[in-house]
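This report walks a new reader through selected strands and helices of one protein model. It begins with a sheet and then turns to a second region of the chain.

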Amino acid sequence: MNFDIKTNSYLPEQCGYAARVKALLTEREVVNPKAHIVTFGCQQNVSDSERIKGMLCLCGYSLTENIEEADFILFNTCAVRGHAEDRVYGNVGATKKLKQQNKNLIVAVCGCMAQQQSVADKFYKSYPYVDIVFGTQQYHRLPEFIYRRMTTKRVYELGLDNKEIVENIPVCRDGTLKGWLPIMYGCNNFCTYCIVPYVRGRERSRAPEEIIKEATEMVQSGFKEIMLLGQNVNSYGLGESHGINFAKLLRMINDIEGDFRIRFMTSHPKDCTEELLDTIRDCKKVERHIHLPFQSGSSKILKQMNRRYDREGYLRLIKAARSRMPDVEFTSDIIVGFPGETYEDFCETLSLVKEVKFTSLFTFIYSPREGTPAAIMPDPITREEKGRWFNELLIAQDEISEQLNNSLIGKKMRILCEEYLGDGLYSGKSEYYSSVTFSGTPDMFGNFVTVRVDEYKNNTLYGTVIN
């Protein structure tokens with residue numbers, strides 16, 4: 001883990017609460033207090049958890065992977081799909097026994113799921129052993145919440161009206177090679193299937209100087225890959241007085257000295273401009289991979305989703321990118337079985353997949369989210385039928401992936417050696433997002449190596465280091 005704890009610039013009030021929590025833990029003879037974090041959902045949640053861990057370390061806790069020895073347990077939740085919510089309830093329910101065994105244990109629930117009023121009320125009323133429930137714009141107040149719970153009563157804070165982004169929160173990063181860097185929070189798009197704008201709030205962009213400062217610190221700490229995060233990174237800076245849009249921000253980060261690479265997600269097609277495509281082409285540290293969710297290949301369904309582009313516009317964007325970068329790779333998200341979707345609509349999605357030839361897809365059968373417009377739309381197609389469409393899509397993508405991977409044989413790639421597999425084998429991702437396995441030596445780990453792809457078998461690319 002990589003620790004970045006700066007108490008001199010974090011909110012003085014919260015630093016004061018952290019000091020009081022630490023003093024109370026000592027007073028109550030909690031020896032070596034430990035905290036355990038369970039994170040559900042997207043990369044943004046993972047990044048939020050890194051900041052939560054930093055604040056917990058500031059409060060005097062060390063981190064543990066063993067939930068049974070923890071004195072503080074936090075669940076950072078996701079509201080995008082129902083399966084994740086079911087898992088949260090089960091995991092939180094299991095802490096009841098742990099609370100009985102440890103009188104000092106504090107249990108907290110936060111994140112997108114907790115931001116929903118009905119869900120937060122359920123935790124507060126039906127799970128009396130949950131001590132703290134707080135929303136997505138209240139993370140920075142965690143030391144205060146812990147102190148309040150230790151001295152008075154349970155805490156319940158869901159405010160979603162913070163316009164300012166709190167900077168310099170201490171960070172305890174999960175890795176040392178690849179790091180998350182949030183550049184904005186919230187979403188203004190209101191896609192009809194998506195709960196995110198309701199639980200994350202409206203778009204708020206971080207100041208460019210704060211992003212550059214954090215990116216520079218990450219590079220100086222040895223990070224080789226920086227993943228820029230936002231619900232829609234393409235709309236970074238929209239409406240801000242500084243005049244820096246996402247394309248300009250990429251160029252600024254690209255100019256930071258050091259040998260590292262830049263990735264980003266997620267991009268919304270409606271905000272992917274020619275200026276941004278030119279920037280990706282021109283900036284050597286920005287990877288030639290774009291995650292560009294299209295969700296459906298049917299213009300009719302895209303309109304019902306409120307995506308604000310159509311099939312033809314998406315394909316024009318792909319063509320524009322490939323005219324600048326013939327070797328650029330695309331990945332995407334697809335929802336199968338959106339309310340009102342017919343098999344003919346699905347076939348348009350299937351034909352778009354075959355036309356674009358994505359490296360990989362993140363595919364989901366539509367899952368209604370209470371509180372979104374799509375949740376009350378007529379949905380006559382059975383889950384079983386949607387499952388058949390889904391399998392048809394997976395088969396088509398498997399064939400495309402096999403074709404694309406076989407076409408890479410003989411190609412040289414710059415790989416970040418990031419994982420040791422055993423028996424002298426290492427793996428890492430290329431600048432095009434492809435994963436490659438190769439024979440290596442320990443000194444390669446954590447560095448960039450040039451690898452020639454030799455073969456593709458068992459869904460894996462294998463290569464030879466040539467530098």
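## An open sheet and a helix pair

In this predicted model, six strands build an open sheet in the order E3-E2-E4-E5-E6-E7, and their pairing is parallel. Strand E3 (62-63) and strand E7 (155-157) stand at the edges with a single partner strand each, so one side of each has no neighbour in the sheet. Helix H6 (residues 117-126) packs on this sheet, where it touches strand E5 (106-111), strand E6 (132-134) and E7, and the direction of H6 makes about 175° with that of E7. Within the sheet, strand E2 (residues 34-39) and strand E4 (residues 72-77) run parallel and are joined by five bridges, and His36 stands opposite Ile73 in E4.

Strands of a sheet pair through backbone hydrogen bonds, either parallel or antiparallel. The table lists three strand pairs, each of them parallel.

| Strand pair | Sense | Bridges |
|---|---|---|
| E2 (residues 34-39) and E4 (residues 72-77) | parallel | five |
| E14 (residues 289-291) and E15 | parallel | three |
| E15 and E16 (residues 360-365) | parallel | six |

Strand E15 (residues 329-336) thus pairs with E14 and also with E16. On the E14 side, His291 has Thr331 in E15 as its bridge partner, while on the E16 side Asp333 is the bridge partner of Phe362. From E15 the chain crosses through H14 to E16, and this β-α-β crossover is right-handed.

Is strand E15 mostly covered or mostly open? Eight of its eight residues are buried, and E15 is accordingly described as mostly covered. In a regular strand the side chains alternate between the two faces of the sheet. In E15, Glu329, Thr331, Asp333 and Ile335 point one way, whereas Phe330, Ser332, Ile334 and Val336 point the other way, and all of these are buried.

The helix of that crossover, H14 (residues 343-356), also has a helical partner, for its axis and the axis of helix H15 (residues 383-407) come within 10 Å and cross at roughly 10°. Angles under 35 degrees count as roughly parallel, and H14 and H15 are therefore roughly parallel to each other. In the contact between them, Tyr343, Phe346, Leu350, Val353 and Lys354 of H14 meet Trp389, Glu392, Leu393, Ala396, Gln397 and Ile400 of H15. By residue type, this contact of H14 with H15 divides into eight nonpolar residues, one polar residue and two charged residues.

Note on methods: Residues are numbered from 1 along each chain as its sequence is written. This is a predicted model: local features need pLDDT of at least 70, side-chain atom pairs count only at pLDDT 80 or more; totals for chains, interfaces and linings use all residues. Side-chain values use heavy atoms; hydrogens and water are left out. Two strands pair if DSSP finds at least two bridges between them. Helices (H or I, at least four residues) and strands (E, at least two) are DSSP runs, numbered from the N terminus. Contact means heavy atoms within 4.5 Å. Axes are lines fitted to C-alpha atoms, for helices over the stretch in contact, and angles run from 0 to 180 degrees between N-to-C directions. Angles under 35 degrees count as roughly parallel, over 145 as roughly antiparallel, 65 to 115 as roughly perpendicular and the rest as oblique. Ala, Val, Leu, Ile, Met, Phe, Trp, Tyr, Cys and Pro count as nonpolar, Asp, Glu, Lys and Arg as charged, and the others, Gly among them, as polar. Buried means under 20% relative accessible area, exposed over 50%, partly exposed in between (1.4 Å probe, protein chains only). A crossover is right-handed if, with the strands pointing away from the viewer, the path from the first strand over the helix to the second runs clockwise.
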